[in-house]
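Visitor: I should like to understand the terms used for this structure, and the grounds on which each is applied. Please begin once the structure is before us.

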Amino acid sequence: MSSGANGSLGWTSTTPRWWWTFPPLKGAALVQEAGRLSGGSIDAIYAVAGLAVPAPATAAVNFFGTVATLEGLRPLLAGSEAPRAVLVSSMAALLPSDGELVALLTAGDESAAMARAEVLARDPASTGQLIYASAKLALSRWVRREAATPAWAGAGIPLNAAAPGIIATPMTADLIATPARREQLLNVVPMPLNGIAEPIVVARLLAWLNSEENTHLCGQVIYVDGGSDAVLRGDSVW
């Protein structure tokens, strides 16, 4: 593996392909750097960056940043024999959200969406908490709407999403720091199957979704949530 100020390049033997990670680049700069490091061709996109703070930045990163990354890097998949793309949504898409913000996000109206998020963020303890769920709901809808289009499925690119429950990461560390906090969070996000998960659980799903074995999964939001979706929605989706 080699690395430097402009990113990292490595090889994994379990899934034989090169992978790249990048510093906080965005937009055209990210696409340009990916093209430079890869020689103009990549096999897969993993769009996993995210925030969980009651601020407009959460909507900017979780929705617009994710979509821009996927759409910007998609042309680099053209040279792959088995192109794949996956993003990370969340079971939080099932929790209360702000309908106006969701509508603006799904419409791609970034300026109006940021303005609405600013309004919600004025009360971080209540309406500000709706920003994260709204961004993840909009992202899940984006996958459903885009995956079967000519740009993705028509180009032979499976596009799917993983929707984790509570994962033990630095982002959730304070929320699960004590037994009381864990219980409180699990009352909102029930995970009857094995409880709070480690990051490797989600990583394994992401690896399979972007593997050559995945030939027909298209536009699916896979809940890796210990049962939250089943508990909260039951059979309502059917």
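Guide: Of the 238 residues of the protein chain, 42% count as buried. The model is a predicted one, in which local features need pLDDT of at least 70 and side-chain atom pairs count only at pLDDT 80 or more, while totals for chains, interfaces and linings use all residues. Residues are numbered from 1 along each chain as its sequence is written, and side-chain values use heavy atoms, with hydrogens and water left out.

Visitor: Why is L105 called buried?

Guide: Buried means under 20% relative accessible area, exposed over 50%, and partly exposed in between (1.4 Å probe, protein chains only). L105 has 0% relative accessibility, and therefore counts as buried. This residue lies in helix α3.

Visitor: What does L105 touch?

Guide: Contact means heavy atoms within 4.5 Å. Leaving out residues up to four places away in sequence, L105 touches A59, F63, F64, A113, S134, A135 and A138.

Visitor: How do you know that the buried residues of α3 line one face of the helix?

Guide: The buried residues of α3 are L101, V102, L104 and L105. Seen down the axis of α3, they fall within an arc of 165 degrees, so they line one face. The arc is that of the directions from the helix axis to the C-beta atoms. Their cover includes α2, α4 and α5. Just after α3, G108 takes a positive phi of about 75 degrees.

Visitor: What makes α3 oblique to α5?

Guide: Two packed helices are described by the angle between their axes and the distance between the axes. The axes of α3 and α5 come within 9 Å and cross at roughly 40 degrees. Axes are lines fitted to C-alpha atoms, for helices over the stretch in contact, and angles run from 0 to 180 degrees between N-to-C directions. Angles under 35 degrees count as roughly parallel, over 145 as roughly antiparallel, 65 to 115 as roughly perpendicular and the rest as oblique. The crossing angle therefore makes α3 oblique to α5.

Visitor: Which residues make this contact?

Guide: From α3 they are L101, V102, L105 and T106, and from α5 they are I131, S134, A135, L137, A138, R141 and R145. S134 of α5 has a relative accessible area of 0%, so S134 is buried. Setting aside residues up to four places away in sequence, S134 touches S97, D98, L101, V102 and L105.

Visitor: What makes a group of residues a nonpolar core?

Guide: A nonpolar core is a set of buried Ala, Val, Leu, Ile, Met, Phe, Trp, Tyr and Cys residues joined through side-chain atoms within 4.5 Å. The largest one here has 39 residues, and those with the most contacts inside it are F63, L70, L87, L105, W142 and W152. Helix α5 gives the most to this core, with seven residues. A second, separate core of 10 residues includes V88, I167, A197 and L209.

Visitor: How do you know that the buried residues of α7 are on the same side of that helix?

Guide: Helix α7 (residues 199-209) has V202, L205, L206 and L209 as its buried residues. They cover an arc of only 100 degrees around the axis, which puts them on the same side of α7. These buried residues pack against β4 (44-47), β5 (84-88), β6 (159-164) and β7 (221-224).

Visitor: How many helices and strands are there, and what counts as one?

Guide: The protein chain has eight helices and seven strands. Helices (H or I, at least four residues) and strands (E, at least two) are DSSP runs, numbered from the N terminus.
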